[in-house]
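Dear colleague,

Please find below the structure that I am handing over to you, together with its sequence. My findings follow directly after it.

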Amino acid sequence: MIRYTLKRLGYGIVVLFGVLVVVFFLFNILPGDPAKMMLGQRSDVSSTEAIRHDLGLDKPLITQFAGYLNDVSPLSVYTKNEKSYFYYDTAKYNSLATLNIGNSILTVKSPYLRRSYQTKRNVTEILMEAFPQTAILALVSIFFAIVVGITIGILCALYKDSFFDKASIVISVFGMALPSFFAAIVFAWIFAYLLGDLTGLNMFGSLYTVDDFGNGQYLDLKNLILPAFTLGIRPLAIVVELTRSTTLETLSQDYVRTAYAKGLSKFKVIWRHVIKNSLNPIVTAVSGWLASLMAGAVFIEYIFDWKGVGIVIVNALEKYDFPVLMGALLFISVILVFINIFVDIIYGILDPKIRLS
């Protein structure tokens with residue numbers, strides 16, 4: 001199991017390095033001068049050149065890439081020479097441990113994703129501020145999809161070809177085909193605008209709401225209902241379909257018939273034999289959706305004004321804030337890779353044949 005886990009981690013590191021290469025070179029060939037973006041209307045030749053020198057934009061592209069790779073890497077090597085592009089600036093790096101080797105410094109630190117062109121804030125701080133809201137939204141959505149989806153899927157399999165089964169299939173197909181941004185607009189209009197007096201829901205709002213009387217912020221959980229429900233519709237539809245098909249396949253196996261022949265109750269057969277052996281494809285599907293939801297449901301967050309990673313990405317796109325965009329994409333990639341590694345490990349635990357292969 002250790003060898004299997006290490007192999008998955010190795011694959012993940014290779015994927016992250018590939019993403020890092022693509023993201024860096026993609027954003028460095030796009031038009032636009034970051035120095036002028038930072039200075040705005042106050043830009044002049046001397047100020048622009050000073051900013052470009054400070055950002056290292058006057059260096060060759062390969063040197064810039066080496067510097068960016070050094071910054072985002074947890075284990076980095078810098079120099080004590082203040083004139084060097086690789087100077088160890090204590091104001092930038094949050095080091096956990098350092099080792100002096102002559103004129104060089106070997107450091108273990110948190111990744112440095114540079115600073116925003118617009119706000120001058122550390123990109124890591126911006127993402128860490130937004131991520132908890134996206135994480136809560138994604139976890140609630142996927143929990144709703146898992147609990148409701150598995151329950152409906154099992155009932156559909158047990159009562160195959162009934163009205164409930166056929167209606168659930170139709171609704172599931174509709175849920176998979178429904179675009180998230182369209183569903184968000186429709187649900188916000190129906191449940192918050194037309195039926196707002198009955199439901200008490202808002203078309204816009206985040207997890208915390210600012211008090212109108214100046215008493216700070218307070219937790220407003222009702223704002224979570226519509227975004228989480230909208231975000232959970234598509235994974236819910238997939239979980240229902242997968243649970244139904246895998247449960248039907250499992251119910252036809254010989255060991256299930258043997259369990260019935262031994263006199264086990266229907267509940268025990270379903271709980272002990274059917275559900276456990278039907279989980280593998282469901283775990284795989286849920287992992288993919290959880291990774292994508294955790295990475296930031298951009299449309300949902302933008303429509304409901306949910307202050308998560310999606311809003312950060314949209315604002316950075318509007319302002320051409322490249323460090324924030326690059327940091328957000330790398331952040332999303334790390335989430336995708338590590339959730340998939342975690343799910344592969346769970347998959348290996350559930351099915352030992354996966355580890356052997």
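Strand 2 and strand 3 run antiparallel and are joined by six bridges; strands here are DSSP E runs of at least two residues, helices are H or I runs of at least four, and both are numbered from the N terminus. Two strands are said to pair if DSSP finds at least two bridges between them. One of the bridges places Ser-95 opposite Lys-109 in strand 3. The two strands form a hairpin with two residues between them, and Gly-102 in the turn has a positive phi of about 65°.

Before I continue, a note on provenance: this is a predicted model, in which local features need pLDDT of at least 70 and side-chain atom pairs count only at pLDDT 80 or more, while totals for chains, interfaces and linings use all residues. Residues are numbered from 1 along each chain as its sequence is written, and side-chain values use heavy atoms, with hydrogens and water left out.

The sheet

The hairpin belongs to an open sheet of three strands, with the order 1-3-2 and antiparallel pairing. Strand 1 (75-79) and strand 2 (95-101) stand at the edges with a single partner strand each, so one side of each has no neighbour in the sheet. From one strand to the next, the twist averages 25°. Strand 1 pairs with strand 3 (residues 104-109) in the antiparallel sense over five bridges, and Val-77 has Leu-106 in strand 3 as its bridge partner. Helix 4 (residues 61-72) packs on the sheet, where it touches strand 1 and strand 3, and its direction makes about 125° with that of strand 1. Such angles run from 0 to 180 degrees between N-to-C directions, with axes fitted to C-alpha atoms, for helices over the stretch in contact; contact means heavy atoms within 4.5 Å.

The chain as a whole

The protein chain has 16 helices and five strands. Of its 357 residues, 39% are buried, where buried means under 20% relative accessible area, exposed over 50% and partly exposed in between (1.4 Å probe, protein chains only). The accessible surface comes to about 20000 Å², of which 66% belongs to carbon and sulfur atoms; these areas come from the Shrake-Rupley method with a 1.4 Å probe, and for residues only the protein chains shown count as cover. Among contacts between residues at least 6 apart in sequence, 66% join residues at least 24 apart.

Helices 1 and 11

Helix 1 (residues 2-28) has 27 residues and reaches 39 Å from its first C-alpha to its last, close to the 39 Å expected at 1.5 Å a residue. The expected span is 1.5 Å times one less than the number of residues. Buried residues in helix 1 include Tyr-4, Gly-12, Leu-20 and Phe-27.

For helix 11 (residues 266-277), the twelve residues should span 16 Å at 1.5 Å a residue, and the end C-alpha atoms are indeed 16 Å apart. Val-269, Ile-270 and Val-274 are buried in helix 11. Seen down the helix axis, the buried residues fall within an arc of 90°, so they line one face of helix 11; the arc is that of the directions from the helix axis to the C-beta atoms. These buried residues pack against helix 5 (123-158), helix 9 (225-251) and helix 10 (254-261). The face turned away from the buried side carries the exposed residues Phe-267, Trp-271 and Lys-276.

Individual residues

Thr-247 lies in helix 9 and is buried, with a relative accessible area of 2%. Not counting residues up to four places away in sequence, Thr-247 touches Ile-154, Ala-157, Val-274 and Ser-278.

Ile-303 lies in helix 13 and counts as buried at 18% relative accessibility. Leaving aside neighbours within four places in sequence, Ile-303 is in contact with Phe-181, Ala-184, Ile-185, Met-203 and Phe-204. Ile-303 and Phe-204 are 99 residues apart in sequence and 7.6 Å apart in space, C-alpha to C-alpha.

Backbone angles

Most residues other than glycine have a negative phi. Arg-114, although not a glycine, has a positive phi of about 70°. Arg-114 sits in the loop between strand 3 and helix 5 and is partly exposed, with a relative accessible area of 21%. Asp-305, likewise a residue other than glycine, has a positive phi near 55°. The place of Asp-305 is in the loop between helix 13 (298-304) and helix 14 (309-319), and at 30% relative accessibility Asp-305 counts as partly exposed.

With kind regards
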